[in-house]
Amino acid sequence: MRLKTTVLLILTSLLLFTSCNKSEFLKGKESKPKKIAFISISRGGQLWGNIKNGARMAHGETSCLLDFYSPVEETDAFQQIEFLKEAGESDFDVIIIDPSDVTLLAGPIEDLQNKGVKVLQIYNESVAYNGFRQFKLMSNFSPVGEAIGNFIIDNKSNQAVHVLIVGALLHTSSGSQTELGIKKMFKDNSDLKFDTIYCFGDSDKAEELISAKIKKNETINFIIALDETSSDGIIKAIDNKSIDTSKIFVLAWGNTLNNIQGLEDGSIKGIVAINGFGLGYRAIYAAIDLANGKEVPTTPLDFSIVTKESFSEERNQRLLFPQIL
C-alpha cells in the first residue's frame with residue numbers, strides 16, 4: 001500500500017494514546033489545581049504543536065492551570081529569559097521550559113530555583129554548574145545520535161562516509177548530544193568525515209548553506225537534520241535540485257507532511273520521529289509531582305528512526321500521526 005493511502009487511513013482512523021500508561025496518573029483531581037507556566041522554544045513547528053497538544057490533554061485531565069509562553073523566533077533565548085523572569089515573579093507552582101541555549105538559560109534557571117521556584121526542563125537542558133541539581137524530563141539525546149549512527153552504518157555499504165550535519169541552534173543540548181552520539185558510533189573508524197553547519201533558525205539559510213557545502217564537497221553522501229527547521233532547509237535544497245538524492249542519503253527530523261512525502265518518493269531515507277505528544281503529556285504530570293515534592297521520574301526520550309520499510313509499524317504510525325482522543 002502506498003504511503004499516501006496509508007497516511008489518509010491513519011489520519012482518519014488512528015487514535016493516539018501516548019506511550020505512557022494513563023492509568024498510572026488518573027487518581028483523582030487535586031482539590032487545589034496546580035498553576036503551571038509552559039515556556040516553549042518557539043510558536044511554530046509540528047513537534048511543538050504535538051508537545052502542546054499532549055500538555056493540553058494532561059491539563060484537561062488534571063484541571064491544572066496552564067499558561068503557554070512562546071518566543072516568535074526559536075533563536076530568541078533572551079525572550080525566554082524574560083518569560084522566566086515574568087513567570088518567576090508570578091504565583092506559578094512550576095515552570096516548564098525547553099531552554100534554547102545551554103549557557104544563557106543556566107544562570108536564570110539556577111537563580112529561580114535558589115529562590116524556591118520549581119523549574120522543570122524538557123527536551124533540552126541547560127548547563128548544571130558546580131553540581132547544580134536540575135529537574136529534567138526526556139532530555140537525553142545521546143541514544144538518538146547512536147540510532148542515527150546505526151542508520152548511517154546500515155546504509156553506507158563499502159563506501160567512505162562523509163556526513164553533513166545540519167542544525168538550527170548552536171547551543172542546544174539536544175543538538176550537541178545527538179551529534180556526539182553519532183560520532184561515538186564511528187570513534188574507531190578513520191575512513192569518515194563530518195561537517196556541521198548551523199542555520200540559526202532560518203530554513204532558507206539552511207538551504208543556502210547546504211547547497212554551497214555540497215558544491216564544494218562532492219564526497220558528501222549523508223545529510224542529517226538535527227531539528228525541524230534544518231529539515232525544512234533540506235527539503236528546500238532537495239526541491240531546488242541542490243541535493244542529488246540518488247547519491248546522498250537524507251535523514252530528516254520530525255513528522256511534517258513534507259518529510260512523510262519525502263519517504264514516499266524516496267528523496268528521504270529516514271525520519272527521526274519524536275514522541276512530542278507523550279513528552280508534553282508527561283511533562284504536566286511530572287510538574288505536578290515536582291510541585292508536590294515528589295521526584296521527577298527518569299524517563300527516556302521516546303523516538304524512532306522511521307524508514308519506508310518500517311513506516312506502517314503501529315508504533316511508528318503513532319509517533320508520526322499523533323491525535324488526541
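Let me start with a pair of helices in this predicted model: α7 and α8 are oblique to each other, because an angle that falls outside the roughly parallel, roughly antiparallel and roughly perpendicular ranges counts as oblique, and the angle at which these two pack is about 55 degrees. Helix α7 covers residues 203–216 and helix α8 covers residues 228–239, with their axes 7 Å apart, and the crossing of the two is right-handed.

As for which residues make that contact, α7 contributes Ser203, Asp204, Ala206, Glu207, Ile210 and Ser211, while α8 contributes Thr229, Asp232, Gly233, Ile234, Lys236 and Ala237. Sorted by class, the contact holds 4 nonpolar, 4 polar and 4 charged residues.

Now to the sheet, which is open, has 6 strands in the order β7-β6-β8-β9-β10-β11, and shows mixed pairing. Why is one side of β7 and of β11 left without a neighbour in the sheet? These strands, residues 192–198 and 303–306 respectively, stand at the edges, and each therefore has a single partner strand. On average, and with direction ignored, neighbouring strands of this sheet are turned by 15 degrees against each other.

Within the sheet, I would point to strand β6, residues 161–167, and strand β8, residues 222–225, which pair in the parallel sense over 4 bridges; there, Val166 has Ala225 of β8 as its bridge partner.

Finally, there is helix α5, residues 142–155, which lies across β6, β8, β9, β10 and β11, and which runs at about 15 degrees to β11.

Conventions. Residues numbered from 1 in each chain as written. Predicted model: local features only at pLDDT ≥ 70, side-chain atom pairs only at ≥ 80, totals over all residues. Heavy atoms only, no water. Axes fitted to C-alpha atoms, helices over the stretch in contact; angles between N-to-C directions. Parallel < 35°, antiparallel > 145°, perpendicular 65-115°, else oblique. Left-handed = near helix turned anticlockwise from the far one by under 90°. Contact = heavy atoms within 4.5 Å. Nonpolar A, V, L, I, M, F, W, Y, C, P; charged D, E, K, R; others polar. Pairing = 2+ DSSP bridges.
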